[in-house]
Number of protein chains: 2
Amino acid sequence: MQAVMTEAAHGRIAGRLAALAPDLDVLLVTGQNLFLRGEEAVPPEAVDPDIIWCSLDAYPGPYLGTLFRTAVHAPRKPWMQAFNAGLDNPVFKAIMANGVRITKSSAQSVPIAEYVLAHAISLIVPLGPQAEAQAAKTWTRTPYREVSQSRWTLVGFGPIGRAIAVRAKAFGAHVTVVRRSVKDDPAVDAVVTMAALPDLLPEIDVIVLACPLNDETQGMANAAFFKALKPGAILINIGRGGLVDEDALRVGLSTQQPGHAVLDVFQTEPLPDDSWLWSHPQVRVSAHTSNSGGGTLQRGDELFLANLKHFLAGEPLINEAHPSEVGL
Amino acid sequence: MQAVMTEAAHGRIAGRLAALAPDLDVLLVTGQNLFLRGEEAVPPEAVDPDIIWCSLDAYPGPYLGTLFRTAVHAPRKPWMQAFNAGLDNPVFKAIMANGVRITKSSAQSVPIAEYVLAHAISLIVPLGPQAEAQAAKTWTRTPYREVSQSRWTLVGFGPIGRAIAVRAKAFGAHVTVVRRSVKDDPAVDAVVTMAALPDLLPEIDVIVLACPLNDETQGMANAAFFKALKPGAILINIGRGGLVDEDALRVGLSTQQPGHAVLDVFQTEPLPDDSWLWSHPQVRVSAHTSNSGGGTLQRGDELFLANLKHFLAGEPLINEAHPSEVGL
């Protein structure tokens with residue numbers, strides 16, 4: 001059985017990998033279309049993996065392209081562990097069209113949830129007014145409506161949505177989840193489908209877009225969405241830029257619908273220099289970086305090893321993607 | 001049975017109060033040393049309450065002073081529901097010396113915990129660097145060590161400490177509590193006494209002072225404390241200003257011990273105009289306002305009504321202070 005991965009990833013788990021699968025033929029990607037077995041280069045026709053591990057350290061860089069190309073052409077319909085959760089990049093369709101089984105990563109759920117909570121709570125608790133009072137050397141109380149009194153809606157309820165819900169519920173917030181199928185869940189207060197979202201919008205204090213980008217969700221935050229949204233609401237997008245109609249957002253901001261937008265993803269990335277988003281006073285921009293917490297790499301390693309055990313035992317894999325998720 | 005309270009407080013709960021205690025003789029404080037029964041002024045010698053409710057709406061203002069004076073001289077050793085948790089103001093010693101039973105409030109625990117989490121998480125998740133990158137229109141990732149990887153120490157474990165612990169644990173932080181007696185608690189990872197604090201300091205990412213001010217805790221954050229503290233740690237004081245030696249803090253900040261100080265309370269309040277704290281780049285100042293969340297008033301009403309039921313039934317009261325807490 002053959003596996004391909006980066007040298008860095010292999011270095012982190014070599015001992016545990018050898019214990020789990022002593023006979024595994026491990027090829028390390030060490031350059032564009034270059035694989036080594038130990039110190040020896042492997043001819044392209046001998047690269048024929050059962051397992052492809054795209055670890056976070058492969059991104060950004062040429063190794064990731066090489067791993068993707070290997071997956072698109074792999075003869076043996078291997079299993080590929082991804083480091084990401086969103087599969088809207090067309091390469092994943094090509095990979096699954098080749099019969100590859102893809103498992104998505106949940107390793108980044110923790111920092112993405114921390115990003116969402118940090119932004120939302122620092123806007124609800126009046127840190128801005130406190131800083132202004134400090135700058136003016138003014139001793140003044142800053143009353144506010146509590147997080148415990150706020151209503152959140154999370155669009156999407158994969159591992160990221162769940163990680164957000166756990167933290168928001170610890171604050172006593174009311175949390176509604178929008179997902180494909182309605183199934184009560186003890187982690188949240190209500191579960192609805194997308195059809196119910198328009199009726200929710202006037203009551204929402206915090207709305208988080210944490211769903212895949214697909215035909216149903218493309219441009220879901222449009223003019224009608226913002227027109228219905230509660231004035232002063234906080235919009236946070238950590239899904240994909242295509243979920244938000246940026247022109248409609250600009251109009252909405254002028255009536256505080258939303259009052260603040262926190263955007264980690266954009267229609268065009270990197271965000272162009274001349275985008276109005278950079279300098280709008282109600283918009284917080286970050287560089288698709290909500291996943292860059294210090295624990296993500298290690299959680300990704302643990303997920304790969306857990307899935308490897310399942311794979312070797314012929315058991316169901318954790319977070320395996322359905323072909324419909326890539327439009328197949 | 002006689003009770004004194006503010007007109008505002010009575011207005012919020014009149015119906016429920018009448019249902020609980022239909023025969024209660026309710027006097028409303030409506031001016032300095034002035035009480036009304038209905039529309040009629042009550043002569044001072046007829047003010048002889050069994051119950052004194054100091055609700056949050058009495059602060060700041062003359063009503064609170066009137067309620068305190070009533071408690072200091074009350075002949076019947078009444079029960080007094082306070083709106084605060086800290087009893088270091090000498091008036092509480094005088095009140096308890098008169099035999100009054102004081103119950104402290106936990107109603108402000110929620111916004112104080114939100115204040116602590118908002119500040120800590122917005123410093124750990126790199127919101128500052130993200131804002132700087134946005135201001136410079138720079139597309140750059142902002143890696144960071146996660147809240148989930150952080151170690152917190154809470155000095156004090158009353159209702160406020162508990163409310164902080166619940167929220168920090170939801171983020172996966174490691175939480176140690178410093179309290180008077182060591183008693184394992186499922187809500188946190190470790191419980192220690194003050195004697196163990198010096199050994200903890202080099203490992204702490206976030207230290208929160210949420211304890212009463214007394215002989216043991218006065219100036220506890222002193223030169224030795226800051227010298228031992230982990231560089232880069234975040235200090236948050238929502239207890240009392242006297243817990244922190246502000247001169248020692250200033251020296252400590254120069255070596256990032258702590259990296260940031262978030263202070264809602266000060267040795268002198270209001271913080272004097274010429275204090276260095278207002279303009280230090282590593283210090284966040286707020287005006288003893290961490291309790292000013294929109295849910296505090298209602299939670300205070302609910303606590304009074306719950307304690308009133310216990311009082312009428314002769315049952316133990318919620319959050320009753322021990323005389324040792326005021327130095328008796």
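Start by selecting Trp139(B) in this predicted model: Trp139(B) is partly exposed, at 26% relative accessible area. That value sits between the 20% limit for buried and the 50% limit for exposed, which is why the residue gets the middle label.

Next, work out what its ring touches. Which residue pairs with Trp139(B)? Add Phe266(A) to your selection: the two ring centres are 5.8 Å apart and the planes meet at 70°, so this pair is edge-to-face. Zoom out a little and you'll see the pair crossing between chains. Phe266(A) comes from the loop between β13 (260–263) and β14 (283–285) of chain A, while Trp139(B) belongs to the loop between α5 (127–135) and β8 (151–155) of chain B. Now check the Phe side: is Phe266(A) buried or exposed? Phe266(A) is buried, at just 3% relative accessible area.

Now hop over to Trp139(A) and Phe266(B). Here too you have an edge-to-face pair, with 5.8 Å centre to centre and 70° between the planes. This one also runs between chains: Trp139(A) lies in the α5 (127–135) to β8 (151–155) loop of chain A, and Phe266(B) in the β13 (260–263) to β14 (283–285) loop of chain B. Colour by accessibility and Trp139(A) shows up as partly exposed at 27%, whereas Phe266(B) is buried at 3%.

Last stop, chain A. Select Trp53(A), Trp79(A), Phe304(A) and Phe311(A) together, and you have one aromatic cluster. If you want to keep exploring, the structure holds 14 aromatic pairs over all chains.

Key:
Residues are numbered from 1 along each chain as its sequence is written. Chains are lettered from A and ligands numbered from 1 in the order in which they are written. This is a predicted model: local features need pLDDT of at least 70, side-chain atom pairs count only at pLDDT 80 or more; totals for chains, interfaces and linings use all residues. Side-chain values use heavy atoms; hydrogens and water are left out. Rings of Phe, Tyr and Trp (its six-membered ring) pair if their centres lie within 6.5 Å; planes under 30 degrees apart count as stacked, over 60 as edge-to-face and the rest as tilted. Helices (H or I, at least four residues) and strands (E, at least two) are DSSP runs, numbered from the N terminus. Buried means under 20% relative accessible area, exposed over 50%, partly exposed in between (1.4 Å probe, protein chains only).
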